[in-house]
Every structure is written in structure tokens, then in C-alpha cells.
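Let's walk through a structure together, one question at a time. Have a look at it first, and then read on.

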Amino acid sequence: MRIAVVGVGAIGGALAAMLETAGGHELILCTRRPLQQLTVNSPDAVIRVQARNATQPEQAGPVDWIIVATKTYDAEGAARWFPALGATGAPVAVVQNGVEHRERFSRHISAGRLLPVIIECPVERTADGNVRVRGAATMQIEDSALGCAFAALFTGSPVAIRLTPDMTTAAWSKLCINSTGALCALAQKPTSVLWGDAMSRVALAIVEECAAVGRAEGARLDDAIGQRVLDHYRRLPPDSVNSLLADRRAGRRMETDARNGVIVRKGEKHGIPTPLNRMIVALLDAV
Ligand SMILES: NC(=O)c1ccc[n+]([C@@H]2O[C@H](COP(=O)([O-])OP(=O)(O)OC[C@H]3O[C@@H](n4cnc5c(N)ncnc54)[C@H](OP(=O)(O)O)[C@@H]3O)[C@@H](O)[C@H]2O)c1
């Protein structure tokens, strides 16, 4: 398959390495600046991705699959690649956090061509073209013909793929984890800052707000979701850095709206108060 990866940072780099390991694909890395090379270090291997680099849509030509791995706030820029890459109707897999994969791209691509993907992958970009994967990756994809076709691209790579009939629950479950990641960005400390009793209590309350809004949106989230989020963070390496904290440290824009703002916005729609998430948005916007 000819596969374009739009946005080759941490996740785009990790996905390109998975596709390289799967083998048999022609990869095109779509970036804003020239990319001299892409090396992905994982605990098991160092993968040098063999790919063509394009910095303008017209350099790329039509492909069989488009994978978007930009930050959520760069959706408009990512969509500028679609007319050239998708000239023959290629589907678009949106590998981003949040719960609004479809809304973000609805103006640019028909619903039948869009595949939301939820990814768990502890990964950091250490420099342009250098990515460090710190652990196992899992992707959740809808159990549909398009989802199965996307999953098949990764056959032979180590990523675990879960096909699910309920992407709403998958996306909101991940948002419960991501919503608390804001505490790391606010404290400017890696994951272990969430392990203390006081921070754990705050994290639980943030998740409760998120879960209440998620349930109103149709997600099936039980009362143990908060504890599962805390357990998730306790399993991560103590010095792991989530992408919100990585962005704050690097002075980049943060995905505050997609991770906490959305809880406030959708909470308002359902009349559910979300004071903690509202405070997080205000504080992160202020810094
Ligand atoms: N990192 C993680 O551990 C992790 C885990 C799970 C999910 N996620 C989610 O995955 C998504 C991607 O996150 P990330 O951490 O990989 O972000 P990232 O490291 O900042 O990478 C995003 C890349 O997109 C590029 N980009 C932006 N606009 C573009 C455009 N118009 N054309 C081409 N490239 C463009 C950026 O280019 P520049 O280099 O020019 O800025 C950057 O290289 C986010 O939604 C994030 O929340 C991340």
C-alpha cells in the first residue's frame, strides 16, 4: 500500500516505524519542514524508516491510505494535504486524542472515508526525525470494514490492535486518562507526580467529571473508571512525560481544548457542572 503519514512527530514517527516493521508498504512522510531521516528507538529495536519525504501536497501524489498524526489543533493544516493525497478516494485514519475525531474533519472528508483511531503509546520526539518509544502500543479501531482494512496494514508489526463496536466508549475511556494528564502539565512534573495521595484525589475528581459527561454522550463508563485511570498511571515509568507536558516544556501550544475544554463544552450542553476541568483550561490557557 502507498501510505501517507501527515504529521511526523512522536505518534506519526511511531506509526511509520510500525508500518516499516510490517513491511511491503511505500511510505510518504508529510511534514512542514524537510525531514532528513526518521529513526525510531524502541526497547526492542532501532528502526530506520525508509520513506519519501514531502513538504508540499503536490510532491506526494495520490495514496491508498492517509494517516493523520498531527496535534488536534493542527487539523486545518493537516486537511490541506487531503485533496492531493486523497485524489483517488483514499480513506483517512485520524490518530489523535480527544473524542471529536469526526467533528474536526467533517468539513474536509466524508464520514464514510474517516476512521477515528485511539492510540496508547508512550512515545516522545527527542529531536526532528528522532523518536523514542518507551513501551508497548495499542490501537483501538471501530469494528468495521474500514477498521479491519486499517488494522491489516499493521500485520507483522508489534502493535496490539483492538477492534471495538463502541468507539464512543473507547474514546471517552482514553479521555478519562488524558484529562488528568493536565495535572502533570500544571505541576511541570512527569507521571509520578500523580502517585501521591493528594494528587490522586484531585485526579479522581477530574475523571468523575469527565466520566459524567462521557455517559451523557453515550459512553459506557462504570464507577471504577477513576481507579483504573490511577492504576494506569502507576504502571507507567515514573519519569514518563505526556504530550501536554512535553508541549508545555517545549513552549508549544497545548491540546487543552481537545483534552479538558471538550469536557467543559459538552458538559455545558448536558447541564453537567465541570468546575475542575474549567479551572484546568483557565490555568493552562493562562500559562
Ligand atoms: N505523544 C504521545 O505519547 C501520544 C500518545 C497517544 C496519543 N497522542 C496524540 O497523538 C496526536 C499527535 O501527538 P504527538 O505527540 O505525536 O504530537 P507531535 O509530536 O507534536 O507531532 C505532531 C506533528 O505534526 C506536525 N504537523 C502539524 N501540522 C502539520 C501539517 N499541516 N502538515 C504536516 N505536519 C504537520 C508537527 O510538525 P512540526 O514539527 O512542524 O511542529 C509535528 O511534527 C495528538 O492528538 C496526541 O494527543 C500522543
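Here are some questions and answers about the fold, the surface and one loop residue.

This is a predicted model, in which local features need pLDDT of at least 70 and side-chain atom pairs count only at pLDDT 80 or more, while totals for chains, interfaces and linings use all residues. Residues are numbered from 1 along each chain as its sequence is written, and side-chain values use heavy atoms, with hydrogens and water left out.

Q: How many helices and strands does the protein chain have?
A: Helices (H or I, at least four residues) and strands (E, at least two) are DSSP runs, numbered from the N terminus. By that count, the protein chain has 12 helices and 12 strands.

Q: What is the radius of gyration of the protein chain?
A: The radius is taken over C-alpha atoms, and the globule rule is 2.2 Å times the number of residues to the power 0.38. For 287 residues the rule gives 19 Å, and the chain's own value is close to this, so the chain is as compact as a globular protein of that length. The radius of gyration is 18 Å.

Q: What share of the 287 residues of the protein chain count as buried?
A: Buried means under 20% relative accessible area, exposed over 50%, and partly exposed in between (1.4 Å probe, protein chains only). In the protein chain, the buried share is 53%.

Q: Which residue has a positive phi although it is not a glycine?
A: Look in the loop between α7 (167-187) and α8 (197-216). The residue there is partly exposed, with a relative accessible area of 40%. Its phi is about 55°, and the residue is Gln188.
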